[in-house]
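Reader: I've got this one open on my screen and would like a close look at a single part, the sheet. Could you take me through it, and then carry on to whatever else is worth a look?

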Amino acid sequence: MKKKVWGVLFVLVALLNVIAWKSSSFCNFFIKYIFPVLGSSYSRVTNLFPFSVGEWMLVAGVVLVATFLVTGALRLTVRKEWSRRAFRVVNSTFAWVFLAVFALLTCNCFIQYHTSTFEEKYMEQVRAGGYSKEELGRLRDFIVVNANDLAKEMRRDENGYLVYEGDMNRTAVAAMQVMGERYDQLQGFYPRPKEMRFSNLISQTYMMGYYFPFSMEANYNGTMYVVNKPSTICHELAHLKGFIQEDEASLIGYLACIESEDIFFKYSGYMGVLSYVENEFLASINRDGAEYRKHPAISEQVYRDSVFLTAEAWERVEQKAVVKTQTAKKVSRAMTTASLKLNGVEEGMKAYDGVVKLLLDYYDGVLYGDVLMTVDAETKG
């Protein structure tokens with residue numbers, strides 16, 4: 001009987017995935033009417049815990065897989081009644097946990113990959129053609145000028161490192177709630193963002209944050225340099241509202257930060273997209289030095305702040321490392337790329353760079369196009 005129930009439930013979840021791949025209308029309906037109820041209800045429960053539930057779920061998953069393999073080996077080598085019973089219990093547990101994870105991933109992640117895009121939902125019109133290098137240059141200059149000006153206003157310690165005073169998690173949630181006033185999908189309850197217990201290990205993968213769909217939590221790397229945290233937290237919170245595409249979450253994180261009343265958040269917002277825009281701009285001008293010098297230079301202070309981890313933090317990470325950082329990075333990139341492509345994101349890790357196109361669309365008619373806004377730090381809010 002249990003096997004039949006398991007089989008029926010598995011088929012139903014698999015069918016949801018098939019429908020999601022075939023119908024964006026179904027996915028849009030799910031995101032608008034079902035996901036807000038399921039997601040917020042579940043995240044309210046995991047929010048009761050002060051630690052990242054998702055992290056410990058992963059640990060439990062590793063333990064369960066190891067137990068499954070060990071009991072399976074015993075079942076094959078030890079022909080005893082106790083080994084048969086042990087394997088049966090572990091096998092049943094593994095099967096039900098697998099089904100639960102499959103269902104959670106489907107409802108909280110897989111379906112979201114097939115909804116209408118942010119542009120389709122919230123941008124009145126998107127330019128059919130591409131953007132010129134001059135327009136990309138205007139976007140790049142706007143971000144550089146604002147980052148340069150804000151860098152001068154930041155509080156720093158005796159070593160020149162940035163210092164943040166305040167409740168970053170609460171400020172991030174408040175910033176996202178303000179965004180919800182403009183974009184209805186971002187409305188509703190937000191759980192408390194959580195710093196990951198294994199941030200040192202996560203640093204070796206060069207990941208700034210994780211959205212755990214099986215625990216509905218927004219987690220961030222506590223070891224990374226503080227300037228990266230606000231934009232990362234807002235990025236992960238955007239995932240909780242169904243914006244699963246990385247470029248869309250990055251755009252939302254950027255907007256939430258630069259429109260916050262917190263000046264540190266504003267700086268983090270510009271810094272969070274600067275490297276993406278800078279790299280695309282350099283490629284557009286074929287890295288021509290003479291052409292590049294016609295544009296505002298990135299200040300020395302901004303360059304110093306544009307780090308993933310400080311030198312001291314990297315030293316601590318390497319001292320405690322159990323695997324080589326290069327190995328961890330390769331494995332992480334391979335897994336992320338595989339996950340993205342499995343869900344129809346053919347460009348894989350390049351999806352993160354897609355935020356530049358979204359920024360160009362967002363500022364079309366503002367920095368260039370029909371209306372021209374002066375590149376001025378005073379316009380950053």
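**The sheet, then the rest**

Author: Let's start with one pair of strands: β1 and strand β3, residues 217-220, run parallel to each other and are joined over 2 bridges. Keep in mind as you click around that this is a predicted model. If you want a spot to zoom in on, try E195, which sits opposite Y220 in β3. Now bring in the remaining strand: the sheet is an open one of 3 strands, ordered β1-β3-β2, with mixed pairing. The edges belong to β1 (194-195) and β2 (209-212), and each has a single partner strand, so one side of each has no neighbour in the sheet.

Between β2 and β3 there's a loop, and M216 is in it. Have a look at its backbone: phi is positive there, about 50°, even though M216 isn't a glycine. That's worth a second glance because most residues other than glycine have a negative phi. The relative accessible area of M216 is 1%, and the cut-off for buried is under 20%, so M216 counts as buried.

There's another case like that to look at, N286, in the loop between α11 and α12 (289-292). N286 is not a glycine either, yet has a positive phi of about 55°. Is N286 buried or exposed? With 68% relative accessibility and a cut-off of over 50%, N286 comes out as exposed.

Going back along the chain, you'll find D262 in the loop between α10 (246-258) and α11 (263-284). D262 is buried but makes no salt bridge, and K266, the nearest side chain of opposite charge, is 8.7 Å away. So what does D262 touch, leaving aside its neighbours within four places in sequence? Its contacts there are Y164 and T171.

Last stop is the helix at the start of the chain. α1 covers residues 2-22, which is 21 residues, and spans 30 Å from its first C-alpha to its last, close to the 30 Å expected at 1.5 Å a residue. Its buried residues are V13, N17 and A20. Look down the axis of α1 and these buried residues fall within an arc of 60°, so they line one face of the helix. That buried set packs against α2 (24-46) and α4 (81-110). Turn to the face pointing away from the buried side of α1 and you'll see the exposed residues K4, V8, V11 and K22.

Notes: Residues numbered from 1 in each chain as written. Predicted model: local features only at pLDDT ≥ 70, side-chain atom pairs only at ≥ 80, totals over all residues. Heavy atoms only, no water. Helix = DSSP H or I, 4+ residues; strand = E, 2+ residues; numbered from the N terminus. Buried < 20%, exposed > 50% of the residue type's maximum accessible area, 1.4 Å probe, protein only. Lys, Arg positive; Asp, Glu negative; His and termini not counted. Salt bridge = Lys/Arg side-chain N within 4 Å of Asp/Glu carboxyl O. Contact = heavy atoms within 4.5 Å. Pairing = 2+ DSSP bridges. Expected span 1.5 Å × (residues − 1). Arc of directions from axis to C-beta.
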